[in-house]
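User: Please take a close look at the nonpolar core of this model. I'd like one connected account of what packs where.

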Amino acid sequence: MGKDTIADILTSIRNADMNRKGTVRIACTNIIENIVKILLREGFIENARKHQEKNKYFLVLTLRHRRNRKGPSQKILNLKRISRPGLRIYSNYQRIPRVLGGMGIVILSTSRGIMTDREARLQKIGGEILCSIW
């Protein structure tokens, strides 16, 4: 079986957020880089920079955190992988789900690249639903 890199980065970000870590280091691929750009643009993470180490590229993400959080159960990011290698989920632009009435985002892989649900609805294109974040 192949590795699911999208699920791996979502799990890394979720674990770092629950343990109040400031930064996360993840492997860099083109699809991961596009997802991180969306997270940065939508304000779910604070900063992202590319780092090279022995001919391998990594992304170092700075997570956005709130002060006065108590306990590891209170988290800021809720990340959920929807389409996975064993079960691909596709949707046309009319049936793209809304997360919390538009407060969260759904990230899609379309024929025009990786984009959010709002962008896909505006361009009237559907695709594979990768994950939802709120």
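Analyst:
**The core and what surrounds it**

The chain has 3 helices and 8 strands (DSSP runs numbered from the N terminus: H or I of at least four residues for helices, E of at least two for strands). Along the sequence they read α-β-α-β-β-β-β-β-β-α-β. Before going further: this is a predicted model, with local features needing pLDDT of at least 70 and side-chain atom pairs pLDDT 80 or more, while totals for chains, interfaces and linings use all residues. Residues are numbered from 1 along each chain as its sequence is written, and side-chain values use heavy atoms, leaving out hydrogens and water.

Now the core. The largest nonpolar one has 26 residues, and Ile26, Ile35, Ile107 and Ile133 touch the most other members. Such a core is a set of buried Ala, Val, Leu, Ile, Met, Phe, Trp, Tyr and Cys residues joined through side-chain atoms within 4.5 Å; buried means under 20% relative accessible area with a 1.4 Å probe, counting protein chains only, exposed is over 50%, and partly exposed lies in between. Helix 1, strand 1, helix 2, strand 3, strand 6 (105-110) and strand 8 each give it two or more residues. Take Ile35: beyond its neighbours within four places in sequence, Ile35 contacts Ile6, Ile9, Ile107, Ile114 and Leu130 (contact being heavy atoms within 4.5 Å).

Apart from that core sits another, of 8 residues, including Ile96, Val106, Met115 and Ile129. Ile129 belongs to strand 8 (residues 127-133) and is buried at 4% relative accessible area. Ile129 also touches Ile107, as well as Ile82, Ser83, Ile89, Ser91, Pro97, Val106 and Leu108, not counting residues up to four places away. Ile129 and Ile107 are 22 residues apart in sequence, yet their C-alpha atoms are 6.2 Å apart.

Back to some of the contributing elements. An open, antiparallel sheet of 3 strands runs in the order 1-3-2, where pairing takes at least two DSSP bridges. Strand 1 (23-27) and strand 2 (45-53) are the edges, each with a single partner, so one side of each has no neighbour in the sheet. Between strand 2 and strand 3 (residues 56-63) there are 8 bridges, and Ala48 stands opposite Leu61 in strand 3. Helix 1 (residues 5-18) packs on this sheet, touching strand 1 and strand 3, at about 165° to strand 1; angles run from 0 to 180 degrees between N-to-C directions of lines fitted to C-alpha atoms, for helices over the stretch in contact. Helix 2 (residues 30-42) lies across strand 1, strand 2 and strand 3, at about 150° to strand 2.
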